[in-house]
Amino acid sequence: MYQVQQLIGGVWGAGGDAGRLTVLDPVDGTPVSEAPVATEADVGAAVKAARSAAPRWARTSPAERAAALRRAADAIEAVADQLAEVQTAELGRPLALARGGVEAGVSTLRQYAELGPVRGGRSLAGDAGAIDLMVPQPRGIVAVITPWNDPVAVSCGLLGAALVTGNTVVYKPSERTPAAGFLLARLLDEHLPSGVLSLLTGDARVGAALAGQEVDVVAHVGSTATGRSIAAACARSGAKALLENGGSDPLIVDGDVDPRWAAEQAAMGAFANSGQLCVSVERIYVLRSVANRFLGALVQSAKAMRVGPGRDPRSELGPLVDRRHRDHVHGQVQAAVADGASVLLGGTVPDGPGAFYPPTVLGECTDQMLVMREETFGPVAPVMVVESFDEALSRASNSPYGLAATVLTASMSNAQRAWRELPVGTVKINAVFGGAPGGAAEPRGGSGQGFGYGPELLDELTATKAVHIGAPGGEGGRW
Ligand code: NAD
């Protein structure tokens, strides 16, 4: 069993007297990790330590900070298998996917190590005798609060960007994946000065206590409800809130595409990581002309997916993260069925241990159903047949979320309309996943605010200062 420790002000094993939390293996319910729960005093102590380490870290040259990040990336890469195994144990995701998450994290750390030192401000055209500059500076203390669904990749992005720009960090990983957070923090801490990174563990109460502190930025990746409460806490403290939250991403299948290919795309989008990705396909609008063939092929693709423990290399879909989450997913499916949706595949809770849930395809869905309105975050593909591309676009746009959307179409004019009109951060035409490196977007509506990824995240985590340096005036006024 993984034994997690907190890191406060350079001391591993500090605090944690508010209790212990145990994570159960979603495959069979056996305990896999145990973590301390931070007290209010721990949270205050971690922030205090971050505050006192901040000036020195801010003065450390960007090249040195980047070198520390690069060394940490090498150390993480060296134990990638171990970091993959811990994710598989805590959240059930297939090992290959978990390893992919570690690789993505390592590559993000390296990218920020390259980008950090080459960022600069700009000089302004002021008086000839003066120097006028705009310079980015660290914001101070960044509270990094992360989710469980891709724990290493997501954390590496925020931690790497915050550290390379000269901020100190208090990191609170999800209570569902504390061991993944612990191993990652340990590897980073080995290459950082004491106090620059602290780790607190515990549940929502610990996150809320951290978000309520006098920090400079709260960077949260997680659910919309949590993001809203963090935004309220930041409004009170004056901290900047950077929020990458939930989504209800639509997929539109136009009438002129190969329905079998569209079904493969839909299956990949809806079922990858058992539907537990922020940019999972959450609702599908298919044009009537291809609907029957699309639905048939989607059921076939879903049926072919092998569900099993993440440790078994043959498994394409692991279990859901835990039974509480499975109840949430199944509750939405049951509510949809009660409201008239037809179950074309899956939709039942299997007997046996663990938190497994089958790939599920629902037909005859309507706008009012929770599966179409809210984030399901499970392996569920709810489908609605529509009469026109206009109708698909208008239904896809009608959502409180604004994370991403995918459109499968052979019509360039529909593609152009779609990317212009869909009120979301990211639009993908003819691919549910993918995009060029460095792509970053601002989510809209309930999906959050600010750039949580890419080079722009470095801008979010620095504050630009305008500087005017003139010569002294008066008698003999010169340098
Ligand atoms: P969550 O918001 O419940 O938890 C995330 C973190 O916030 C955890 O560390 C948790 O302890 C903490 N937290 C919970 N309540 C808090 C509060 N009131 N104040 C401060 N912190 C609090 O989310 P989750 O269930 O762990 O993750 C799943 C969600 O994350 C989904 O909605 C998914 O779409 C979203 N997500 C979004 C992105 C993105 O980039 N937009 C990426 C990954 C996951």
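The following exchange goes through salt bridges, a cavity and a surface patch in one structure.

Biologist: What kind of model is this, and which pLDDT do local features need?

Modeller: It is a predicted model, in which side-chain atom pairs count only at pLDDT 80 or more, totals for chains, interfaces and linings use all residues, and local features need pLDDT of at least 70. Residues are numbered from 1 along each chain as its sequence is written, and side-chain values use heavy atoms, with hydrogens and water left out.

Biologist: How many salt bridges does the count come to?

Modeller: Side chains of opposite charge can pair when their charged atoms come close. A salt bridge here is a side-chain nitrogen of Lys or Arg within 4 Å of a carboxyl oxygen of Asp or Glu. By this rule, the count is 20.

Biologist: Is D25, which forms a salt bridge with R311, buried or exposed?

Modeller: The closest N and O atoms of D25 and R311 are 2.7 Å apart. The pair links distant parts of the chain, 286 residues apart, with D25 in the loop between β4 (20-24) and β5 (31-36) and R311 in the loop between α10 (288-303) and α11 (323-338), where helices (H or I, at least four residues) and strands (E, at least two) are DSSP runs numbered from the N terminus. Buried means under 20% relative accessible area, exposed over 50% and partly exposed in between, with a 1.4 Å probe and protein chains only. R311 has 43% and is partly exposed, whereas D25, at 3%, is buried.

Biologist: Which helix holds D390, the partner of R417?

Modeller: The side chains of R417 and D390 meet in a salt bridge at 2.5 Å, N to O. R417 lies in helix α14 (residues 412-421), so the pair ties together parts 27 residues apart in sequence, and the helix that holds D390 is α13.

Biologist: How much space lies in the largest cavity?

Modeller: A cavity is a set of points on a 1 Å grid over the protein atoms alone where a 1.4 Å probe fits but cannot get out, and its lining residues have an atom within 4 Å of a point. A search of the whole structure finds one cavity of 30 Å³ or more. The space in the largest cavity, taken as that filled by probe spheres set on the points, is about 50 Å³.

Biologist: Which strand holds I469?

Modeller: I469 is partly exposed, with a relative accessible area of 31%, and forms a nonpolar patch on the surface with I131 and W479. Such a patch joins nonpolar side chains (Val, Leu, Ile, Met, Phe, Trp, Tyr) within 5 Å, from residues with over 30% relative accessible area and no salt bridge. The strand that holds I469 is β23 (residues 462-469).

Technical notes. Patches are made of residues with over 30% relative accessible area and no salt bridge: like charges are joined within 9 Å, nonpolar side chains (Val, Leu, Ile, Met, Phe, Trp, Tyr) within 5 Å. Accessible areas come from the Shrake-Rupley method with a 1.4 Å probe; for residues, only the protein chains shown count as cover. On a 1 Å grid over the protein atoms alone, a cavity is a set of points where a 1.4 Å probe fits but cannot get out, and a pocket is an open set with protein on both sides within 12 Å along at least five of seven lines; lining residues have an atom within 4 Å of a point.
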